[in-house]
Amino acid sequence: MTAVPASVEILAEPSLTLGLLAWLLAGAALGCCSGLVPGLHANNFALLLAGFAPSIPGRPLFVGCAMLAVGVVHTFVNAVPAMALGVPDAEMAITALPGHRLVLEGRGYEAIRLSALGSLLAVLAAVPLAVPVTRGVTAAYPTIQAHLSLVLAMVVVALIASERTWRTRLGGLVSFALAATLGVLTLDLATDAPLEAGGMLAPLFAGLFGAPVLIDAIRGGGVPPQRDESIAMSRPLVGVTAIAGALAGAVVGYIPGISAAIAAVAALVVVPGRSGDRGYIVATSGVDTANTIFALFALVAIGQPRTGVMVAFDTVNAPLELPVLVAGIVLAGCVGFVLVIVVGDAYLDLVGRTDYWKISVAVLALLCCLSYLFTGFIGVGVLAVATAVGLVPIRVGARRVHLMGVLIGPLIVGA
């Protein structure tokens with residue numbers, strides 16, 4: 001009963017509306033900065049904000065909107081360093097990430113626009129879908145929770161079976177087993193770190209998904225000259241893929257252990273035709289960004305924050321005024337769409353003019369520093385071990401998505 005009056009008050013009072021807009025733009029600026037720092041996950045940044053939140057003057061609703069804006073814009077902008085950094089040598093394009101393959105073809109500008117479209121369209125699709133999807137998932141949630149280990153095991157089997165050859169299936173199985181073992185052994189390790197912002201997830205994810213790509217890129221030729229920005233993917237297919245990504249984002253928002261990459265693989269199964277690397281970029285971006293909306297509705301429906309951003313949001317005791325919060329997310333999405341295109345093109349050009357091995361070494365050093373800041377010296381050791389595990393799927397030609405066993409394995413064991 002209190003949601004409507006508060007929403008009407010904000011919309012009807014110009015000073016409050018301007019104040020909310022200022023907080024949203026500030027959050028968008030922070031999200032842009034965090035998204036451009038390789039290895040800095042939105043969860044880590046959100047938890048850092050949560051630590052400062054009690055000392056930030058402002059209405060809890062405005063602070064909460066700013067945090068959501070940080071998370072949304074981060075999911076837009078983090079695609080830029082993911083495409084510009086870690087580009088391997090052209091001879092290794094077969095094992096490269098989809099975004100890297102497009103960059104190697106000189107289609108980096110297009111890849112950035114595909115990612116931006118995937119994120120924006122998914123946000124716009126998630127708004128009308130959030131209520132019916134949330135009702136359906138909420139009804140099934142007790143059953144899912146009671147059989148979570150079985151659900152996750154089925155996901156793992158499906159991912160391994162989706163590999164094209166027996167060699168890559170075996171590589172996927174080994175990658176999953178190693179990552180799951182690493183997760184079981186390290187996720188709950190006590191740390192003595194300068195900053196408390198996310199625990200072992202920072203070095204684990206940096207090692208599994210970031211460092212191996214950068215190591216291979218040291219010998220690469222870097223970012224080649226990029227050509228035109230036209231999108232070689234039909235508009236209907238972009239739209240359908242983004243909507244599929246938005247629906248898959250609901251799964252990420254409600255079921256623990258399921259990442260955007262896993263959900264994107266599932267989303268592309270139902271997309272008509274062969275969308276290839278371009279479809280993967282659209283779907284993954286859509287899942288990642290739509291997850292912000294579905295995670296918000298999950299907090300309202302089941303009372304559990306599913307992401308680091310929502311954990312931070314929950315700590316500021318912001319009122320769950322859905323009309324205002326959803327409007328803020330959509331506005332942040334529009335800002336993120338513009339930012340990722342403007343910043344992304346300049347980022348690619350800058351990286352292309354720099355000695356690439358120096359960038360790779362510098363980013364690897366940054367990952368070590370972040371691991372130390374978030375988890376201490378033990379985290380640096382975990383980063384090294386995770387990097388060795390992260391090289392396994394690359395060497396056997398399997399998809400890196402199997403490395404999400406670092407979260408799925410402990411959930412299966414503990415369920």
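# A tour of the salt bridges, one helix pair and some distant neighbours

Select Arg 395 and Asp 216 to start: their side chains form a salt bridge, with N and O 3.0 Å apart. The term salt bridge stands for a side-chain nitrogen of Lys or Arg within 4 Å of a carboxyl oxygen of Asp or Glu. The pair links distant parts of the chain, 179 residues apart, with Arg 395 in helix α16 (residues 356–396) and Asp 216 in helix α10 (residues 201–217). Helices (H or I, at least four residues) and strands (E, at least two) are DSSP runs, numbered from the N terminus. Arg 395 is partly exposed at a relative accessible area of 44%, whereas Asp 216 is buried at 5%. Buried means under 20% relative accessible area, exposed over 50%, and partly exposed in between (1.4 Å probe, protein chains only).

This is a predicted model, in which local features need pLDDT of at least 70 and side-chain atom pairs count only at pLDDT 80 or more, while totals for chains, interfaces and linings use all residues. Residues are numbered from 1 along each chain as its sequence is written, and side-chain values use heavy atoms, with hydrogens and water left out.

**The whole chain**

Zoom out to the full protein. There are 17 helices and zero strands. Of its 415 residues, 52% count as buried. Among contacts with a separation of 6 or more, 83% are between residues 24 or more positions apart; contact means heavy atoms within 4.5 Å. By the salt-bridge rule, the count comes to seven.

**Asp 277 and Arg 101**

Next, select Asp 277 and Arg 101. Their side chains meet in a salt bridge, at 2.8 Å from N to O. Asp 277 lies in helix α13 and Arg 101 in helix α6, so this pair ties together parts that are 176 residues apart in sequence.

**Arg 278, Glu 110 and Arg 107**

Move to Arg 278 and Glu 110. In this salt bridge the closest N and O atoms are 2.6 Å apart. Arg 278 lies in helix α13 and Glu 110 in helix α7, so the pair ties together parts that are 168 residues apart in sequence. Is Glu 110 buried or exposed? Glu 110 counts as buried, at 0% relative accessibility. Add Arg 107 to the selection: salt bridges that share partners join Arg 107, Glu 110 and Arg 278 into one network.

Now centre on Arg 107, in the loop between α6 (98–104) and α7 (108–146). Arg 107 is buried, with a relative accessible area of 10%. Its side chain reaches the backbone oxygen of Ser 230 at 2.6 Å. This is a polar contact, that is, a pair of N or O atoms within 3.5 Å; within protein, one must be able to donate a hydrogen and the other to accept it, and residues adjacent in sequence count only if both atoms are side-chain atoms. Which residues are in contact with Arg 107, leaving aside neighbours within four places in sequence? They are Leu 102, Gln 226, Arg 227, Asp 228, Ser 230 and Arg 278.

**Helices α7 and α13**

Show α7 together with helix α13 (residues 276–302). They pack at an angle of about 35°, with their axes 6 Å apart. Axes are lines fitted to C-alpha atoms, for helices over the stretch in contact, and angles run from 0 to 180 degrees between N-to-C directions. The crossing of α7 and α13 is right-handed: the near helix is turned clockwise from the far one by less than a right angle, while anticlockwise would be left-handed. The residues of this contact divide into 19 nonpolar, eight polar and two charged. Ala, Val, Leu, Ile, Met, Phe, Trp, Tyr, Cys and Pro count as nonpolar, Asp, Glu, Lys and Arg as charged, and the others, Gly among them, as polar.

**Pairs distant in sequence**

The last stops are C-alpha pairs.

- Select Gly 71, in helix α4 (residues 60–77). Gly 71 is buried, at 5%. Its C-alpha is 9.2 Å from that of Ile 329, 258 residues apart in sequence.
- Select Glu 321, in the loop between α14 (308–315) and α15 (322–352). Glu 321 counts as buried at 6% relative accessibility. The C-alpha atoms of Glu 321 and Leu 61 are separated by 8.0 Å, with their positions 260 residues apart along the chain.
- Select Thr 191, in the loop between α9 (166–186) and α10. Thr 191 is partly exposed, at 24%. Tyr 372 is 181 residues apart from Thr 191 along the chain, and their C-alpha atoms are separated by 9.9 Å.
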